[in-house]
Amino acid sequence: MLKKTFFFFAIALVADPPVILLDEPSAGVDISSQEFLWKFINQMRQSGRTIILTSHSMEECEALCSRTAIMVDGQFGAIGSIQHLKERFGKGYTLTIKVGKPEDLETAKDFIHSQIPYFSFLLERFFNDSNRKNDNDFILLVSL
């Protein structure tokens with residue numbers, strides 16, 4: 001997959017274009033190839049080219065983009081740096097904890113409360129999902 005991706009990059013760069021459009025550039029490549037590809041894209045950007053890419057991966061956007069636009073129903077919903085978008089629209093972090101027994105939920109809650117006093121519990125219930133690996137899984141979601 002990486003050879004094919006670089007083949008398309010090579011074709012795109014033959015004419016030395018000032019603007020390069022990339023659609024999901026690292027989709028379907030393994031982690032080491034993804035890192036190599038991201039370094040290559042950053043080198044193209046540092047050489048003065050404008051790179052416009054589409055991605056579903058915020059990690060990819062953080063690694064490659066100086067400005068990010070979020071599309072909503074085919075329109076730009078927000079434009080800015082990743083940090084700006086996180087500050088404006090982010091709601092913090094969600095911590096998911098799976099434990100084997102219901103009584104372990106209380107232990108987990110007590111520990112989290114002792115370490116992080118400002119939090120709220122979003123959900124505490126039996127993890128009733130067909131993808132669970134253990135019939136006794138319980139889940140605790142914490143909003144930080």
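**Figure 1. Overview of the fold.** Helices (H or I, at least four residues) and strands (E, at least two) are DSSP runs, numbered from the N terminus. By that count, the protein has five helices and seven strands. Starting at the N terminus, they follow the order α-β-α-β-α-β-β-α-β-α-β-β. Keep in mind that this is a predicted model: local features need pLDDT of at least 70, side-chain atom pairs count only at pLDDT 80 or more, and totals for chains, interfaces and linings use all residues. Residues are numbered from 1 along each chain as its sequence is written, and side-chain values use heavy atoms, with hydrogens and water left out. Of the 144 residues in the protein, 29% are buried (under 20% relative accessible area; exposed is over 50% and partly exposed in between, with a 1.4 Å probe and protein chains only). Take the contacts (heavy atoms within 4.5 Å) between residues at least 6 apart in sequence: 51% of them join residues at least 24 apart.

**Figure 2. The largest nonpolar core.** Here we're looking at a nonpolar core, meaning a set of buried Ala, Val, Leu, Ile, Met, Phe, Trp, Tyr and Cys residues joined through side-chain atoms within 4.5 Å. The largest one has eleven residues: F9, L13, I20, L22, L37, W38, I41, M44, I51, L53 and L64. Elements α1, β1, α2 (31-46) and β2 each put in two or more of them. Helix α2 has the largest share, with four residues. Apart from this core sits another one of five residues, including I97, V99, L105 and I112.

**Figure 3. Close-up on L37.** This core residue is part of helix α2. L37 counts as buried because its relative accessibility is 0%. Leaving aside residues up to four places away in sequence, L37 touches T5, F6, F9, P25 and S26. One of these partners, T5, is 32 residues from L37 in sequence, yet their C-alpha atoms are 9.0 Å apart in space.

**Figure 4. The largest pocket.** Pockets and cavities are found on a 1 Å grid over the protein atoms alone: a cavity is a set of points where a 1.4 Å probe fits but cannot get out, while a pocket is an open set with protein on both sides within 12 Å along at least five of seven lines, and lining residues have an atom within 4 Å of a point. The largest pocket holds about 590 Å³ of space (the volume filled by probe spheres set on the points, which are joined across faces, edges and corners). It is lined by 22 residues, with L53, C65, R67, T68 and A69 closest to the centre. Two or more lining residues come from each of β2 (50-54), α3 (58-64), β3 (68-72) and β4 (75-80). Strand β2 chips in the most, five residues. The lining splits into twelve nonpolar residues (Ala, Val, Leu, Ile, Met, Phe, Trp, Tyr, Cys and Pro), three charged (Asp, Glu, Lys and Arg) and seven polar (the others, Gly among them). As for L53, it touches L22, P25, L64 and C65, again skipping residues up to four places away in sequence. L53 is also a member of the largest nonpolar core.

**Figure 5. The second largest pocket.** This one has a volume of about 230 Å³. Twelve residues line it, and T5, F8, F9, D23 and P25 are the ones nearest its centre. Both α1 (2-13) and β1 (19-23) supply at least two lining residues. Helix α1 provides the largest share, five residues. Sorted by type, the lining has eight nonpolar residues, three charged and one polar. Some names here will look familiar: F9 belongs to the largest core, and T5, F9 and P25 are among the residues that L37 touches.

**Figure 6. Two loop residues with positive phi.** D16 isn't a glycine, but its phi is positive, at about 55°. You'll find D16 in the loop between α1 and β1. E24, also not a glycine, has a positive phi of about 50°, and its place is the loop between β1 and α2. E24 counts as partly exposed because its relative accessibility is 23%.
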